[in-house]
Amino acid sequence: MPPAARPLARRMMGWALLADFVPLYPLYALLFTATGLSVAQISALFAIWSAVAVLTEVPSGALADRFSRRSSLVAAGVLQAAGYAAWVLLPGFPGFALGFVLWGFGGSLVSGAKEALLYDGLDAAGAREHYARVAGRVAAMELVAQLPAALAATLLFVAGGFPLVGWVSVGTCLAAAVVAATLPEPPRGDAGAGTGYLATLRSGVTDAVNTPGLPPVLLATAVLTAYDGVEEYFPLLLADWGIPPAAVPLVAVPIVLGGTAGAALGGAAGRLPAWALGLLLGTAMVLLGGAGIAAHPAGVVAIAAFYGGYRAALVVLDARLQERIASASRATVTSVAGLGTELATFGVYVAWAAGGAPLLAAAGLLIAGALPVLLRRRVAGSGAPGVAATRRSEEDARGR
């Protein structure tokens with residue numbers, strides 16, 4: 001990697017680690033019940049969170065394109081910290097709802113801005129072909145942060161209960177915002193100059209719909225990213241297989257490590273031809289379906305392998321999506337994919353309720369089979385494609 005690209009890569013990975021090192025993550029549902037909220041009220045909070053994410057996803061991407069991707073990441077950390085502070089200071093349904101509104105808006109500011117800042121930053125440093133590798137490592141940091149966060153949650157809760165866990169989470173979010181403020185952002189030049197926010201929003205949505213070769217890859221990325229929602233069901237799956245509830249968190253660690261390894265190997269997976277990438281994803285889906293059918297504790301190995309293969313394929317698909325987007329509308333178009341993910345996630349929940357892991361695996365096989373066709377045509381986003389990107393495009397076109 002060119003030396004000019006290394007500061008961005010290192011700081012982005014550090015930001016990702018801090019942004020997801022939030023001790024409240026494994027405990028906030030317990031906070032709600034301890035405060036006396038009913039199941040219906042907790043469900044209403046999650047609905048508020050989802051609604052805010054859906055409504056602000058694309059508009060926040062346009063904000064990043066019109067103004068600054070780095071500033072979007074900084075604002076996201078501040079908003080998330082403010083949300084957790086509301087939970088600590090105003091424990092009750094109104095305070096929790098306010099926190100979810102702030103958290104939901106902050107999360108939408110990250111979506112699109114993160115990918116745009118990383119891709120265009122690497123492009124400016126002459127390292128665009130390294131995007132999949134760096135993005136994979138960033139995703140790995142987001143996953144691996146769950147492990148120390150869970151340990152910290154336990155220790156902090158014993159020492160000071162929910163308030164201490166909450167204030168430490170506020171601190172980690174603010175620390176992530178500080179790191180985000182140091183991320184190098186390439187000069188935008190005249191991008192966005194003289195263009196209003198609404199024009200930027202409209203242009204990005206138009207690009208998402210009309211750019212040749214982009215909509216199919218955008219749709220596949222949105223749907224495949226929604227599969228990350230199955231992570232919420234892993235503890236339930238392990239419990240159904242006869243694993244004692246007290247042992248579920250420990251038994252789930254290999255699954256997290258599998259996903260981390262897969263994301264970290266996204267750069268290597270990016271060198272695979274399109275048919276091999278489809279085979280990788282298809283194999284992962286077969287493992288998921290087979291584990292669901294077998295319903296045996298040993299299936300945790302298959303689930304870990306599924307999560308690794310899935311995460312690697314997801315990194316590559318995101319990289320192929322970024323290659324097809326023009327720089328000026330990158331955050332907005334990526335946010336359109338994020339909106340598609342939010343909507344498709346509801347479908348994942350319904351599919352799991354209807355048929356569990358086997359049904360989701362069958363649908364995932366359809367995506368895997370379509371990948372060689374979807375990746376056949378590449379449209380350059382920011383300038384002429386690099387040598388590696390051109391060679392990869394030619395290989396995909398030949399179906400290698």
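Not counting residues up to four places away in sequence, G99 touches G83, A86 and W87. The model is predicted. G99 sits in helix α5, which covers residues 93–110. Its relative accessibility is 1%, so G99 counts as buried. The C-alpha atoms of G99 and A85 are 7.7 Å apart. Along the chain, 14 residues separate G99 from A85.

**Overall form**

The protein is helical in its assigned secondary structure: 18 helices and 0 strands. Its C-alpha trace spans about 55 × 50 × 35 Å along the principal axes. The radius of gyration is 21 Å. A compact globule of 400 residues would come near 21 Å, so the protein agrees with that expectation.

How much of the protein is buried? Of its 400 residues, 52% count as buried. The exposed area is about 16,100 Å². Carbon and sulfur atoms supply 71% of that area.

Contacts reach far along the sequence. Among contacts with a separation of 6 or more, 85% join residues 24 or more positions apart.

**Charges and salt bridges**

The protein carries 24 positive and 21 negative side chains. The centres of the two sets lie 8 Å apart. Side chains of opposite charge can pair when their charged atoms come close. Across the whole structure, a search finds 8 salt bridges. The table lists three of them.

| Salt bridge | Closest N and O atoms |
|---|---|
| D65 and R69 | 2.7 Å |
| D120 and R330 | 2.9 Å |
| R320 and E323 | 3.7 Å |

Take D120 and R330, whose closest N and O atoms are 2.9 Å apart. D120 lies in helix α6 (residues 113–124) and R330 in helix α17 (residues 330–374), so this pair ties together parts that are 210 residues apart in sequence. Are these two residues buried or exposed? D120 has a relative accessible area of 8%, under the 20% cut-off, so D120 is buried. R330 has 0% relative accessibility and therefore also counts as buried.

D65 and R69 form a salt bridge as well. D65 is buried, with a relative accessible area of 2%. R69 is buried, with a relative accessible area of 2%. Which residues join in a network? D65, R69, D120 and R330 are linked by salt bridges into one.

R320 and E323 make a local pair. Both lie in helix α16, residues 299–323. They are 3 residues apart, about one turn of the helix. R320 is buried at a relative accessible area of 3%. E323 is buried too, at 5%.

**Contacts of helix α16**

Helix α16 also holds Q322 and R311. Q322 has 0% relative accessibility, so Q322 counts as buried. What does Q322 contact beyond its neighbours within four places in sequence? The partners of Q322 are E115, Y119, Y131, R330 and T334. One of them, R330, also takes part in the salt bridge with D120. Another, E115, falls within the residue range of helix α6, 113–124. T334 falls within that of helix α17, 330–374.

R311 has 10% relative accessibility and so counts as buried. With neighbours within four places left aside, R311 is in contact with A139, L143, D228, G259, G262 and A263. Of these partners, A139 and L143 fall within the range of helix α7, residues 131–144.

**V134 in helix α7**

V134 has its place in helix α7. At 3% relative accessibility, V134 counts as buried. Which residues does V134 contact, neighbours within four places aside? They are M1, A9, L118 and L122. Both L118 and L122 fall within the residue range of helix α6, 113–124. V134 and L359 are 225 residues apart along the chain. Their C-alpha atoms are separated by 32 Å.

Notes: Residues numbered from 1 in each chain as written. Predicted model: local features only at pLDDT ≥ 70, side-chain atom pairs only at ≥ 80, totals over all residues. Heavy atoms only, no water. Helix = DSSP H or I, 4+ residues; strand = E, 2+ residues; numbered from the N terminus. Rg over C-alpha atoms; globule rule 2.2 N^0.38 Å. Buried < 20%, exposed > 50% of the residue type's maximum accessible area, 1.4 Å probe, protein only. Contact = heavy atoms within 4.5 Å. Areas by Shrake-Rupley, 256 points an atom, 1.4 Å probe, with all protein chains shown as cover. Lys, Arg positive; Asp, Glu negative; His and termini not counted. Charge placed at Lys NZ, Arg CZ, Asp CG, Glu CD. Salt bridge = Lys/Arg side-chain N within 4 Å of Asp/Glu carboxyl O.
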